[in-house]
Amino acid sequence: MRTDDFWQLIDQARAGAGGEADAVAARAVALLAERTPEDIVGYAHHQQRVLAASYRVDLWGAAYLINGGASDDGFEYFRGWLMTQGRAVFAAAVSDPDSLAGLPRVRSAALSGEEFECEDMLAVPWDAYRKATAAELPAQRDPVRMPDLNDFWDFDDEAEARRRLPKLAALFVEPPEE
């Protein structure tokens, strides 16, 4: 599966999902299950590449600010949610995590406390493969290695958050008044 095909399937799943991440994941499972087993395996490999590309300290810091904390699993689920936002938002967030401050839903979360996670999006290839073949997704022959995170900073350090993610810090370190 090519990059364009991967994101096109996610865009198809987004259509009619009403902006709800779990609905996007469910639609992605249904759409992917209609494809060949080879396509599903390709999707799984591509998803691992996307997750590896987004395994960045600065994006983890953004997830921490937005969600009021982010464990290892919480960061995974945040990136699952981020995939449901489509290619342009995902790519912008990987390149500049502070760009997430421009999303209306993220801005409103500063007041509402809404958290952004989608564990179901991470399970799409496994669920689709099981649905299509009644078998388990085969293990990847060439698993994607996650990069080392060597520039960790204290996400609770408000001054550092303001320095590294000024737009998000303006929203979540000192949330706007209603």
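Student: Which sign and value of phi does Gly68 take, just after H4?

Tutor: Positive, at about 70 degrees. Bear in mind that this is a predicted model, where local features need pLDDT of at least 70, side-chain atom pairs count only at pLDDT 80 or more, and totals for chains, interfaces and linings use all residues. Residues are numbered from 1 along each chain as its sequence is written, and side-chain values use heavy atoms, with hydrogens and water left out.

Student: What makes H4 a helix, and why is H4 called mostly covered?

Tutor: Helices here are DSSP runs of H or I with at least four residues, numbered from the N terminus, and H4 spans residues 57-67, so the label fits. As for "covered", 10 of its 11 residues are buried, meaning under 20% relative accessible area (exposed is over 50%, partly exposed in between; 1.4 Å probe, protein chains only). Among them are Trp60, Tyr64 and Ile66. The cover includes H5, H6, H7 (104-112), H10 (158-164) and H11 (166-172).

Student: How do you know that H5 reaches close to its expected length?

Tutor: The expected span is 1.5 Å times one less than the number of residues. H5 (residues 72-84) has 13 residues, for which 18 Å is expected, and reaches 19 Å from its first C-alpha to its last. H5 is mostly covered too, with 10 of its 13 residues buried, including Phe75, Arg79 and Trp81. Just after H5, Gly86 takes a positive phi of about 95 degrees.

Student: Why is Gln47 called buried?

Tutor: Its relative accessible area is 1%, so Gln47 falls under the cut-off for buried. Gln47 lies in helix H3. Leaving aside neighbours within four places in sequence, Gln47 is in contact (heavy atoms within 4.5 Å) with Phe6, Met83, Met121, Leu122, Pro125 and Trp126.

Student: What makes the second largest pocket a pocket, and what is the make-up of its lining?

Tutor: On a 1 Å grid over the protein atoms alone, a pocket is an open set of points with protein on both sides within 12 Å along at least five of seven lines; lining residues have an atom within 4 Å of a point. This one holds about 160 Å³ of space, counted as the space filled by probe spheres set on the points. Its lining divides into six nonpolar, two polar and two charged residues. Arg counts as charged (with Asp, Glu and Lys), so Arg49 and Arg87 are charged lining residues. H1 (3-14), H3 (37-53) and H6 (87-95) each supply at least two lining residues.

Definitions and conventions. 1 Å grid on protein atoms, 1.4 Å probe; cavity = no way out; pocket = protein on both sides within 12 Å on 5 of 7 lines; lining within 4 Å.
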